[in-house]
Amino acid sequence: MRGKLVLNSSQILTILMLFPLDSFSGLTCEKLAGFLHVSPCHLSRSFRSPDTGTLEKALQKIRVLRAAIAFSDIPDLSVKDVAVKVGYEDSKYFSRLFKEILGIYPSDYKCFIEACRNAVNPQC
């Protein structure tokens, strides 16, 4: 008899942060549940709390956080490229969501990251 995998929402979010950037495109509750070997219903119930909100909201936050990391790690990627990599075909929707979650538009965030990078390593 196999034991049932029991993960709380924080553990699942940590696992999601470790996913490769390209794996977020097409990621659904069903696919994530399959990866974690739990039912989609069980996975959704794990996220029904005031702290985490719904699974869908948690996935949005993770996608935006992974996008912010991508902007830092791969500065040559455009906002549209990053949006697609984290699972959003509509870059305008992605930009609004990024602003809603992080309080800054992705294009402004990219400029901020570039300014910080230049301040640390000025190119003369």
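The loop between α2 and α3 (40-46) is where His37 sits. In this predicted model, His37 has a positive phi of about 60 degrees, even though it is not a glycine. That's worth a second look, since most residues other than glycine have a negative phi. As for its surroundings, His37 comes out at 59% relative accessibility, and because anything over 50% is called exposed, it counts as exposed.

Stepping back to the whole chain, the protein has seven helices and zero strands, so the pattern read along the sequence is simply α-α-α-α-α-α-α. Of its 124 residues, 35% count as buried. Taking contacts between residues at least 6 apart in sequence, 58% join residues at least 24 apart.

The helix just before the His37 loop, α2, packs against α1. Two packed helices are described by the angle between their axes and the distance between the axes. For α1 and α2, the axes come within 12 Å and cross at roughly 100 degrees, and the two helices are therefore roughly perpendicular to each other. On the α1 side the contact uses Ile12, Ile15 and Leu16, and these meet Leu32, Phe35 and Leu36 of α2. It's a greasy affair in terms of residue classes: six nonpolar, no polar and no charged.

Another residue of α1, Leu13, looks elsewhere. Setting aside residues up to four places away in sequence, Leu13 touches Phe47, Ala58 and Ile62. Leu13 and Ala58 are 45 residues apart in sequence, yet their C-alpha atoms are 7.6 Å apart in space. With 22% relative accessibility, Leu13 counts as partly exposed, because buried would need a value under 20%. Its partner Ala58, by contrast, is one of the buried residues of α4, and so is Ile62.

That brings us to α4 itself, which covers residues 55-73. At 1.5 Å a residue, its 19 residues should span 27 Å, and the end C-alpha atoms are 26 Å apart, which agrees. The buried residues of α4 include nonpolar ones such as Leu55, Leu59, Val64 and Phe71, but Gln60, Arg63 and Arg66 are on the buried list too.

Helix α4 also crosses α6 (residues 91-102), with axes that come within 10 Å at roughly 95 degrees; this pair is therefore roughly perpendicular as well. From α4, the contact draws on Lys57, Gln60, Lys61, Val64, Leu65, Ala67, Ala68 and Phe71. From α6, it takes Tyr93, Phe94, Leu97, Phe98, Glu100, Ile101 and Leu102. By class, these residues divide into eleven nonpolar, one polar and three charged.

Much of this feeds into the largest nonpolar core, which has 34 residues. The ones with the most contacts inside that core are Ile12, Leu16, Leu32, Leu43, Phe71, Phe94 and Phe98. At least two core residues come from each of α1 (9-17), α2 (29-36), α4, α5 (79-85), α6 and α7 (106-120), and α4 gives the largest share, nine residues.

Phe71 ties several of these threads together. It is a buried residue of α4, part of the contact with α6, and among the core residues with the most contacts. Leaving aside neighbours within four places in sequence, Phe71 is in contact with Phe94 and Phe98, along with Leu77, Ser78, Val79 and Val82. Further along the chain, the partners of Phe71 are Pro106, Tyr109, Lys110, Ile113 and Arg117.

Note on methods: Residues numbered from 1 in each chain as written. Predicted model: local features only at pLDDT ≥ 70, side-chain atom pairs only at ≥ 80, totals over all residues. Heavy atoms only, no water. Helix = DSSP H or I, 4+ residues; strand = E, 2+ residues; numbered from the N terminus. Expected span 1.5 Å × (residues − 1). Buried < 20%, exposed > 50% of the residue type's maximum accessible area, 1.4 Å probe, protein only. Axes fitted to C-alpha atoms, helices over the stretch in contact; angles between N-to-C directions. Parallel < 35°, antiparallel > 145°, perpendicular 65-115°, else oblique. Contact = heavy atoms within 4.5 Å. Core = buried A, V, L, I, M, F, W, Y, C linked by side-chain atoms within 4.5 Å.
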